[in-house]
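Please walk through this structure with me, one region at a time. Keep the sequence beside the 3D view as you read.

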Amino acid sequence: MREMDVLGVRVSIPENEVVVVLAARDGGRVVLPIVIGPREGASIATAQAGIVPERPQTHDLFISVLEATGVNLEEIRVTKLEQGTFHAELVLSSGQRLDSRPSDAIALALRARCPVLCDEAVLTTAGVVMDAEDEADVVADFQAFLENVEPEDFEA
């Protein structure tokens with residue numbers, strides 16, 4: 001497993017798909033783009049921007065329920081890619097592992113401030129190696145995007 005940073009969420013043009021991009025933390029210049037739903041994209045983007053909703057949204061509620069039961073989200077893992085679909089799991093402090101969509105797992109990890117890990121086989125299959133210039137452009141684009149993103153931007 002390799003630790004990843006959540007670079008951010010963007011809308012891919014011309015397909016108009018919402019994509020979350022993870023980057024290998026070890027500086028290996030490997031990024032992992034995962035197509036996600038617009039609502040999950042909004043949840044990830046708002047958590048990254050530090051926006052706290054007036055009322056808890058689903059991911060906020062899930063973290064609150066875990067905390068109320070004395071369980072923490074220790075880490076999330078992107079575990080496999082099967083027939084074009086990414087799979088993830090939540091690793092709880094109780095030792096349990098729960099199957100999850102990567103988008104939900106990432107939204108939860110940002111709220112719980114826990115590590116995001118990715119299986120090496122997934123990175124080998126779906127990761128994209130970027131050169132230093134591409135990486136700087138992607139990071140700058142995501143920073144600009146996050147500064148101006150609104151949850152309404154992800155509505156279908």
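Just after α1, G50 takes a positive phi of about 75°. Helices here (H or I, at least four residues) and strands (E, at least two) are DSSP runs, numbered from the N terminus. The model is predicted: local features need pLDDT of at least 70, side-chain atom pairs count only at pLDDT 80 or more, and totals for chains, interfaces and linings use all residues. Residues are numbered from 1 along each chain as its sequence is written, and side-chain values use heavy atoms, with hydrogens and water left out.

Stay with α1 for a moment. Its buried residues include E40, G41, A42, S43, I44, A45 and T46. Buried means under 20% relative accessible area, exposed over 50%, and partly exposed in between, with a 1.4 Å probe and protein chains only.

T46 and G50 also help line the second largest pocket. The other lining residues are A47, I51, V52, P53, D60, L110, R111 and R113. A pocket is found on a 1 Å grid over the protein atoms alone: it is an open set of points where a 1.4 Å probe fits, with protein on both sides within 12 Å along at least five of seven lines, and lining residues have an atom within 4 Å of a point. This one holds about 210 Å³ of space. That volume is the space filled by probe spheres set on the points, which are joined across faces, edges and corners. α1 (38-48) and α3 (102-112) each supply at least two residues of the lining. By class, the lining has five nonpolar, two polar and three charged residues. Ala, Val, Leu, Ile, Met, Phe, Trp, Tyr, Cys and Pro count as nonpolar, Asp, Glu, Lys and Arg as charged, and the others, Gly among them, as polar.

R113 deserves a second look. It is found in the loop between α3 and β7. R113 has a positive phi of about 55°, although it is not a glycine. At 73% relative accessibility, R113 counts as exposed.

Now turn to the sheet. It is open, has eight strands with mixed pairing, and follows the order β6-β5-β4-β7-β1-β2-β3-β8. β6 (97-100) and β8 (128-129) stand at the edges with a single partner strand each, so one side of each has no neighbour in the sheet. Two strands pair if DSSP finds at least two bridges between them.

Start from β4 (residues 73-82). Eight bridges join β4 to the antiparallel strand β5 (residues 85-92). One of these bridges pairs K80 with H87. β4 and β5 form a hairpin with two residues between them. Q83 lies in that loop. Q83 is not a glycine, yet its phi is positive, about 50°. Q83 counts as exposed, at 84% relative accessibility. β4 also runs parallel to β7 (residues 116-118), joined by three bridges. There, I76 has V116 as its bridge partner.

β5 pairs with β6 too, in the antiparallel sense over four bridges. V91 has R97 as its bridge partner in β6.

Is E89, in strand β5, buried or exposed? E89 is buried, with a relative accessible area of 16%. Its side chain makes a polar contact with the side chain of R97 at 2.9 Å. A polar contact is a pair of N or O atoms within 3.5 Å; within protein, one must be able to donate a hydrogen and the other to accept it, and residues adjacent in sequence count only if both atoms are side-chain atoms.
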